Amino acid sequence: MKTKLPTLSMSTRRSLLQAGAVVAGAAPFLRIPASLAASDPQMIEAAKKEGAVSLYSSASTGPSNAIAEAFKRKYGVNVTVYRAGSSDVVTRVRSEEGANRPQADVLIIEEPGLSLLVPFLASFDPPERAAIPAEYKTPVHTLIRMYMSQIGWNTNVVKADIAPKDWKDLLNPRWKGRFGSLDPHITATTLAWQVMVNRLYGPDFLQQFGANQPKLYASTNAMSQAIVSGEIDLGVTNSFGVIQMAETGAPMAGITPKDTVLFGGNVGVFAKAPHPNAARLFCDFACSAEGQTVINVAGATIPTHPQASAPQAGNLAELSRIHNFSQPDYKQIIADTPRLLAEWEKYVK
Amino acid sequence: MMNADETSSISVAGLSKSYGPEGSLRALDDFTLEFPAGQCTVLLGPSGCGKTTVLRSIAGLITPDQGRITIGPSTAFDASAGIFAPPEKRRLGMVFQSYALWPHLSVAENIGYPLAASGLPKAEIRGRTETMLEWVGLSGMGGRYVHELSGGQQQRVSLARAIVGNPRAILFDEPLSNLDARLRERMRMELLALRQRTAFTSIYVTHDQLEAMTLGDRVVVMRSGRIEQVDTPQNVYKRPRTRFTADFMGIPNLIDGVVRTVAKDRIAVDTALGTLSVQSWRSDWKVGDHCTVAVRPTLITFASGEESEARTGRVVRSVFLGTSTVHEIDISGTAITLESFSEERHDDGATVAVKPAAGAIFALLDD
Amino acid sequence: MTASSRAAAAGPQVGRRSLGWEHALFSTIAAAAVVMVSYPVLLVFLRSVSTEDIGSPLTLEWLQALADSGRSREALVNTAIYTVGSSTLAMVLGVGLSFLSTRTDIPGSRLLGLMAVLPILVPPFILVVGWVALADPNAGLINIAASAVLGGRTVAVNINTMAGLIWMTGLFLTPYVYLLVSAGFRNSDPAMEEAARVCGASRLRLLMTVILPVQRPALLAALLLVVIMSAGDFIIPSTVGLKARIYMLPSLIWQNSSSFPTRPGLAAAQSLVLVVIGLVCIYFQRRALGRGGRYTLLGGKGAGASLFPLGPLRYPLAAIALVFTLCSSVLPILSVSAMAFMRFWAPYAMKPENLTLRNFRYMLFEYPQVWPSAQHSLLLGTLGATLCILLAITLAWYVIRMQGRFSRLVEYAMVIPLGVPGIALGVGILSLWILVPGGIYGTLWILLLAYVTAHIPVAIQFVSSAIHRIHTDLEDASRISGRSLLGTLRRINLPLMRPALIGAWLLIYVVILREISLVILLYNPNTIVLSVGLMDVWGSGFYPELAVYSLLLMVLGLIPVMLLFRFAKFSAE
């Protein structure tokens, strides 16, 4: 299916950064159930006393800052955001824990970084996640945002008749040197895509993919940028990158092939959080319909809370009727990473 | 201007200083000397003789390896006692060869600097600086910057700065050698006038014997970190002790001889110039000893061939210098320089007769 | 007398000039500084032979992996080509521009001098983004224009090549060469040149045999700086280099130390390669200079050296210089400025309906990291540059004037950070401080420490040459006039060194503001700085936002320059 351009004028990422006020004002419009985040008043009190919470997030700056801002408005607790690629987040947490000087309170991250950090997370069952389906929850973390691997392109250059429909279309010589990919050395999520295409098309795929000379980009948004500016015609990107770029009015569109990888941002609380109560309160907020609406609207991703609303990215139930979402075994991916990277280096360089 | 009561004697004892790896280069070797209050002592010698090392050690700009320096009542340096007074505590004035004026300060600020350093009130600094400016003939130029002054003016500013703070002594480090000949001459006279006006202790380092003669109450000739001779300017000029001093004082004629007779205060020496009457600092000469006599070119004259003490020689060349003419003469293998003030001319290669000037007494060197 | 000299011989050996507390103070600071610059290298080395963190069992697997990895070898070759290419370009441009602006009758020489240093104020991101916008084979304005003129799909220039990377880095490094070389040209003693002219040397011969050789110390210093800066450059290899799949050591180090799976040992081993390259370069530079001839001693006369008449080349050369200026600052700034006003960036999108102020509103007023990071950067830039200069004065004084017991050790040690790329230095500093309980990890202090450590060599270079230019008599005269050592430093040396100090301060301030690789491992959410925030926007934002952020960084860098320019005008006689 093609990603639709947004229809709600209020729903741009930017205007939602001032989330608290805007969301409150736009509540009827966005169908946000008001004040669902009924947390334990005692915890709120303790969190306010701690006064601050430190969020380590691998989500983009937009959604990370949006939820931080919304939380601050709601509870008056200051949020400092450390935002970086998931590998950086993992490295930092590990080195801080290794030196026994934890600084992080809450985590928002996707796989495979999540699996690497699970040992550092605390068991916590936030009240607000009661409504979230069980498949999105573990004792230590909760899935709050989802997005998919996509092919995105510049609609000025790639007209409907030649637009790719599936991953295999990337091997068309027409796109030789004119398409982009994320670099798995930098964005670890690309490993999951690599595993999927391997499974779907066999090892030849990556070899031909490499032979077609993709340009490599460090982030989804950098690639969206390159597609829109005309550096490349299309690229292997993520759903939110296509949606957000299109929101700016840029000529961008994308397609989610039938088989694709579903990525998800999870929230969790660190066991050694310096601000344990504020951390739990934030985690609770991030799980709530209100929090999920904010982060998913700002990030153009799909919420997991049934009452949360972020229409740009579509509805998971509808999407899963059309698509086969690959559910990679991230433990396996972590174990296989050196091999996967070596394979990548061999074919793609 | 200069408060003579403040002026102090300086005493230096056993000063040594080496440079280089393992102290291989001896700049100063057990140097001991008194610098009497109110006198000007000139340290004279070629470059590398250690004169500047002495001066800079006294100033506190160099830490000697050994020895002791006393300025007035206080010990400025004592290696064995571990005493070292930094330069700013020694209350000295110094005039540098490079003038060492600060380009970012005005003339008045340069002169007033020592006063400002001692924390005097601004009004007093201004007053005393004005007086100094007037005194060195630079009235009205206090607001200028150093690069707007001529070399001579710069050196006067440097002098004023050295004096303004009533130092215990003033150290001169070849102050005139950057000036051209005429200016040097004039500044030398100005310094002399200053010396005559006020009695202050000063140490003057130079390699110019004329400056040493003019300005020194005492001249210390130095060589390789040691004292060669300490004496009045007259004695250093007329009665150099050593070959080195004689040579450095501009005596080209160092003539070998043999002692003929030894009297109480006179010795007769046989030389290529005939028998010369000499004075010696040493008293242990014996008849027949080989020795060297220093003969100033002005103390030899042309003679007519008949005079008994005349010796004949051949003119190698003559150089006309204006007031005098210098002749190089070869007397049976011994080269002699003769300076004559007469109009008498000789062609190169001509045979001439020469003799010692009437009544001249020459210096017999120790070595 | 003999008795006393015997006593003296038995007494303490006092071969130095000052016995006072000042000497003790300076020595202590020098010792601390030596520790400061050496432990990161030791820790990088330790990490490269440790299986895990420092303290884990020793291993050679990383060094082995370094030798085995084709990627490492390829990166090494690429780094070498890149370094040689961009250093050569920067030297040719920098020396050429400084010669043109100081020693020839080129029209607008003063403006040229100003424009030659201007790129130093342009954050490298602007250069990168600007040149991508100009010279991308498909989307670059130059190529679009070329295609329009020549028809078809013409690729006149391609930034995604080694030549493109070298071009950008060369432009980026040129002002450093200019800064180090132009002062020497301006102040060189005309007598030497006149002597050569009298001997019948032609102008070209004069240039090759006298003018350039006399500047050898400055030229070598500039060469060393650009070689090490380009070998350790991080931004261009990890942005355009990555896109063009030209891997270099710094981008690999970055990947290995932060990307999954992290291989800190391999990163350290790769850092070690850069450190060794840097130290070897330093060694050869020192050897080439020999002892004593390290600095051009300037004749104090300040008489203007004669200007070379360029003749018919006057205007063509001025035009070339103008093109350089356009390429290195004006064009990138213009294209980035244009970007900042657009809803999204694409060459075809430059239409009125795509103009917006939203990027400014968003970045300046809504983006939460902007103002804290600006505050931190300003604070760290100001403090860091000031501390660097103060420390450099102390150390240079210790080395040059006090000639303390360890002055040669100090002198050599202080060059070390120059040979250590930012990212490796960050690893070294982090490795120590994360182990110190209650230490400075996670505070602004560790960033300050990193900045000072990284930039002390440049500061010392500036300060040393300034001190060397001050005749010791000027200091001695002040001491004798009754000012203490510190009083003399303040009243005489500082004012005389002021132009050099201001120059060094500005340079360090601006470099601190833009430094990324050094601090990216050391900052935390509470200590975010502008440059890291910028990297983050690069990673997850859009070009128009990046453009606003870059412009902000540039403006903050410009403020002190403007202030000091006004201030400096008062003192410029």
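The following exercises, each with a worked solution, concern a predicted model.

Local features are given for pLDDT of at least 70 and side-chain atom pairs count only at pLDDT 80 or more, whereas totals for chains, interfaces and linings use all residues. Residues are numbered from 1 along each chain as its sequence is written, and chains are lettered from A and ligands numbered from 1 in the order in which they are written.

**Exercise 1. Compare the span of helix H2 of chain C with the expected value, then locate its kink and its buried residues.**

Step 1. Helices (H or I, at least four residues) and strands (E, at least two) are DSSP runs, numbered from the N terminus. H2(C) covers residues 21-48, which is 28 residues.

Step 2. The expected span is 1.5 Å times one less than the number of residues. For H2(C) this gives 40 Å, and the end C-alpha atoms lie 41 Å apart, which agrees.

Step 3. A bend is the angle between axes fitted to the seven residues ending at a residue and the seven starting there. H2(C) has a kink of about 30° at Ser38(C), shortly before Pro40(C).

Step 4. A residue is buried if 20 or more other C-beta atoms lie within 10 Å of its own, exposed if 12 or fewer, and partly exposed in between, with C-beta atoms placed from the backbone. The buried residues of H2(C) include Phe26(C), Ala30(C), Ala33(C), Val37(C) and Pro40(C).

Step 5. An α-helix has 3.6 residues a turn, so residues three or four places apart point the same way.

**Exercise 2. Determine where H21(C) bends and how many of its residues are buried.**

Step 1. H21(C) comprises residues 444-469, and its 26 residues reach 36 Å from first to last C-alpha, close to the expected 38 Å.

Step 2. The bend, of about 50°, is at His455(C), and Pro457(C) follows within four residues.

Step 3. Of the 26 residues of H21(C), 20 are buried, so the helix is largely enclosed by the rest of the structure.

**Exercise 3. Describe the side of chain A that touches chain C.**

Step 1. Two residues are in contact if their C-beta atoms, placed from the backbone, lie within 7 Å. The contact takes 49 residues from chain A and 39 residues from chain C.

Step 2. Among the elements of chain A that give two or more residues to this side are helix H3 (61-75), strand E2 (78-83) and helix H13 (330-347). H4(A) gives the most, with six residues.

Step 3. By class, this side of chain A has 17 nonpolar residues (Ala, Val, Leu, Ile, Met, Phe, Trp, Tyr, Cys and Pro), ten charged residues (Asp, Glu, Lys and Arg) and 22 polar residues (the others, Gly among them).

**Exercise 4. Trace the pairing of strands E4, E5 and E6 of chain B.**

Step 1. Two strands pair if DSSP finds at least two bridges between them. Four bridges join E4(B) (residues 66-71) to E5(B) (residues 74-78), and the strands run antiparallel. Ile69(B) stands opposite Phe77(B).

Step 2. Two bridges join E5(B) to E6(B) (residues 83-84), also antiparallel; here Phe77(B) stands opposite Phe84(B).

Step 3. The hairpin of E4(B) and E5(B) has two residues between the strands, and Gly72(B) takes a positive phi near 60°. In the hairpin of E5(B) and E6(B), with four residues between the strands, Gly82(B) takes a positive phi near 70°.

**Exercise 5. Is Gln229(B) buried or exposed?**

Step 1. Gln229(B) is found in strand E11 (residues 226-231) of chain B.

Step 2. With 23 other C-beta atoms within 10 Å, Gln229(B) is buried.

Step 3. Beyond its neighbours within four places in sequence, Gln229(B) is in contact with residues including Val221(B), Val236(B) and Pro240(B).
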